[in-house]
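This walk-through starts with the distribution of charge, then takes up the overall form, and ends in the nonpolar core.

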Amino acid sequence: MVSKIMKYLIGFMILCAIQFACNFFVKFFNFAFPSPILGIIVLFILLQTNIIKRDWIKDICSLLLKYMPLLFVPLAVGIIAYYGIIEKNLIPILLNVVVTVTITLLLTAMFVENVIKFVRLQRMRKLKND
């Protein structure tokens, strides 16, 4: 039991330390980039280079993902609180959501397609050189 709690605490401290460091970096250097995204990128790099072991944060990440729906409760309360405004502007809101989601999906698909082509081209070049 104590071991499990320590794993949660250590994992949480690692995640918080990365996020605080990225917040400090963004604010100190006046970097025009969202610190949560920078934190995700830094965490990814640290995990890929094995500076941070996956087992160190696995438990806390599972716990946070398990209770993530609770983070959306304020969103539902906000929708209920501003229902009148949302109702009056429902068509523009829905149109905006549909258009932006469609554009995002199309751009993501095009990006992934180009990355796949690039990787195949790199493999073909490597095979020719070998």
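In this predicted model, the protein carries 14 positive and 5 negative charges, and the mean positions of the two sets lie 4 Å apart. The accessible surface comes to about 11,300 Å², with carbon and sulfur atoms making up 74% of that area.

The secondary structure consists of six helices and zero strands, so the pattern read along the sequence is α-α-α-α-α-α. For 130 residues the globule rule gives 14 Å, whereas the radius of gyration of the protein is 21 Å, well over that value; the protein is therefore more spread out than a compact globule. Along the principal axes, the C-alpha trace spans about 65 × 50 × 35 Å.

Burial and contacts can be set beside these dimensions. Of the 130 residues, 12% count as buried, the cut-off being under 20% relative accessible area. Among contacts with a separation of 6 or more, 49% are between residues 24 or more positions apart.

Where is the largest nonpolar core, and which residues form it? Its eleven members are Ile14, Leu15, Ile18, Cys22, Val26, Leu38, Leu43, Leu46, Ile52, Ile57 and Ile60. At least two residues of this core come from each of α1 (2–28), α2 (35–48) and α3 (54–66). The largest share, five residues, is supplied by α1.

One of the core residues, Val26, can be followed further through its contacts. Leaving aside residues up to four places away in sequence, Val26 touches Phe31, Phe33, Ser35 and Leu38. Of these partners, Leu38 is itself listed in the core.

Note on methods: Residues are numbered from 1 along each chain as its sequence is written. This is a predicted model: local features need pLDDT of at least 70, side-chain atom pairs count only at pLDDT 80 or more; totals for chains, interfaces and linings use all residues. Side-chain values use heavy atoms; hydrogens and water are left out. A nonpolar core is a set of buried Ala, Val, Leu, Ile, Met, Phe, Trp, Tyr and Cys residues joined through side-chain atoms within 4.5 Å. Buried means under 20% relative accessible area, exposed over 50%, partly exposed in between (1.4 Å probe, protein chains only). Helices (H or I, at least four residues) and strands (E, at least two) are DSSP runs, numbered from the N terminus. Contact means heavy atoms within 4.5 Å. The radius of gyration is taken over C-alpha atoms; the globule rule is 2.2 Å times the number of residues to the power 0.38. Accessible areas come from the Shrake-Rupley method with a 1.4 Å probe; for residues, only the protein chains shown count as cover. Lys and Arg count as positive and Asp and Glu as negative; His and the chain ends are not counted. The place of a charge is taken as NZ of Lys, CZ of Arg, CG of Asp or CD of Glu.
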